[in-house]
Amino acid sequence: MQFSEKLIFLMNITQTSNKELAMELGVDRSLISLLRSGKRGAPKSVKKMARFFAERSTADYQRYALADMLGMLALRSALPVQEVADCLEKWLLEDRDMVRDVEEGLRGVPEMPTLREIPAPVVIPEGQAAFFFGEEGRREVLLRIMEELRQAPKPCTLMMVVDDNLEWMFSDYSLTKRIQAEMLELARSGVSFCQIVPPMNYVNRYTESLQFWMPIYATGNMMAYYYPRLRGNLYRHSIYVLPGRCAQFNATIASVGVNDLTMFTREKVLVDAFERQFREHLAMCRPALTAYSNYMDGLEKTRQFLTVRTNTAQMINTLSMNSMPRELLESFAARAQGNWAAMLGFFLDSKSDFEDRLEKGTCIDMCRLAPVREVLAGEVSVGAYPNSLRYTPREYILHLEHILRMMEKYENYVFVPLRDRTPLEYNLMASEEGIAMIIRNVPPQIMLEVRRHELVMAFRENMLHRADTLGYEGIHRERICMELRSHIQELKKAIR
């Protein structure tokens, strides 16, 4: 990479403008333009430039990006800013073609022996087992398992040890959506899923897989477990067992995901053997999720979440009650009944505590911004939990106006509007303190509590990645405020 490419990369991940960098270095903006275009080489102020970018690269997603670019895993941890700056300075001053370096380094190295390509599939006599090769083979076996699930008497349970990153499936978008849709349909028809989740060796890959599993978790028909002790990462394997019908087994070296074999069998002896192996593994695991079908139990967990003093993020189907003005909370509490009234009372009591927390901790509210037609029709529910309370158009406007005031008053409060055309099927909340919740918005109503710290962090990273994609810092913050003002004006115009 040339210096200009590296500079553009750093400015993009830190959302730095030409003007900001020029002011930091004490130079004219035109020089930054010349540096970015490649018309000027590395300036004398590289050390100062590296320190500037290091100070602006403290978020997890920024450290991941730097680590991937520099090839240094240590950058993903809590490496001190000065050490990051030293790494960036060295990298910026390097003027080498990395592709050429790799190619030169490989010259003279004997080629690794390759596995003989196996025609897919190689089938052993019917009723025993079939072996499939590579990624295509894994996809074929998964489709066979889906077919077995459709034909199996209900209720039934699919047992899964998913100890890989699923890139072999995610690389085929149409297949990914098809399998996810089929698993959701199977969950509704009486199929349960019991999953032993993989170790947290690759957080960025794990958060990507959450986008696939999250809707299935939210059905309440999937329970997840984890092995509580350390494991190596040399081998990966996956096991799927549908007791009494079929089993799949795959194992590979962690760094090689193509040259592998996957076995599929309906042979009773083998299916029973893999079921025993799964149950022995499960006996050594701990629950990663706790399900609550009683919403009142869920409300108590929400209280616990709201009392944490650390950074939080949530992605919910309607406007957050954290951002609701006191007079609106009081109005809804007067109209609510039973435990829901008590919950609104709790929000009233904790209102000042929440705003005090914003002096130190960050709260990211990713909320679906309801279309005008839904607001006018009285279809927008109050709070993350499904209930009988609905906003009137004037109440919704009042809430939006208060969000604007909070954005102006508290730098640590972030509102990110979601423009999903249809309501979300679940809400997601996570905190740095190690609490996460999945709240289902449609029947069957259920709440899942996540307490495994690594899994909570993966949930949170998943939301932060989406927030980063939508944009919420710097110029994006003003864009969000403008969008809110426009939405308010549109609502006011509609009710005149």
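## Aromatic pairs

Searching the whole structure turns up six aromatic pairs. One of them joins Phe212 and Trp213 in an edge-to-face arrangement. Their ring centres lie 4.9 Å apart, with 85° between the planes. The model is predicted. Phe212 has 4% relative accessibility, so it counts as buried. Trp213 is also buried, at a relative accessible area of 5%.

Phe249 and Phe274 make another aromatic pair, and this one is stacked. The centre-to-centre distance is 5.6 Å, and the planes stand 20° apart. This pair links distant parts of the chain, with the two positions 25 residues apart in numbering. Phe249 sits in strand 7 (residues 246-253), and Phe274 in helix 12 (residues 268-283). Phe249 is partly exposed, because its relative accessible area of 27% falls between the 20% and 50% limits. Phe274, at 12% relative accessibility, counts as buried because it falls under 20%. Elsewhere, Phe332, Tyr391 and Tyr396 form one aromatic cluster.

## Gln195 and its surroundings

Gln195 belongs to strand 4 (residues 191-196). Is this residue, Gln195, buried or exposed? Its relative accessible area is 1%, so Gln195 is buried.

Which residues is Gln195 in contact with, leaving aside neighbours within four places in sequence? They are Met160, Val162, Trp213, Tyr217, Met222, Met223, Ala224 and Tyr225. Trp213 thus appears in this contact list and in the edge-to-face pair with Phe212.

## The largest pocket

The largest pocket holds about 730 Å³ of space. Its lining comprises 24 residues. Nearest the centre of this pocket lie Lys177, Gln180, Gln211, Phe212 and Tyr426. Phe212 is also a partner in the edge-to-face pair, and its relative accessibility is 4%.

Helix 10 (173-188), helix 11 (203-217) and helix 18 (453-470) each give at least two residues to the lining of the largest pocket. Helix 11 supplies the largest share, six residues. By class, this lining has 12 nonpolar, six polar and six charged residues.

## The second largest pocket

The second largest pocket has a volume of about 610 Å³. It is lined by 22 residues. Ala59, Thr362, Ile364, Tyr472 and Glu473 are the ones nearest its centre. Two or more lining residues come from each of helix 5 (60-70) and helix 18.

Which element gives the largest share of the lining of the second largest pocket? Helix 18 does, with four residues. Helix 18 also supplies at least two residues to the lining of the largest pocket. The class split for the second largest pocket is six nonpolar, six polar and 10 charged residues.

## Overall picture

The protein has 19 helices and 16 strands. Of its 496 residues, 50% count as buried. Contacts between residues at least 6 apart in sequence can be sorted by separation, and 74% of them join residues at least 24 apart.

The protein exposes about 24,400 Å². Carbon and sulfur atoms supply 53% of that area.

Key. Residues numbered from 1 in each chain as written. Predicted model: local features only at pLDDT ≥ 70, side-chain atom pairs only at ≥ 80, totals over all residues. Heavy atoms only, no water. Phe/Tyr/Trp six-rings, centres within 6.5 Å; stacked < 30°, edge-to-face > 60°. Buried < 20%, exposed > 50% of the residue type's maximum accessible area, 1.4 Å probe, protein only. Contact = heavy atoms within 4.5 Å. 1 Å grid on protein atoms, 1.4 Å probe; cavity = no way out; pocket = protein on both sides within 12 Å on 5 of 7 lines; lining within 4 Å. Points joined across faces, edges and corners; volume = space filled by probe spheres on them. Nonpolar A, V, L, I, M, F, W, Y, C, P; charged D, E, K, R; others polar. Areas by Shrake-Rupley, 256 points an atom, 1.4 Å probe, with all protein chains shown as cover.
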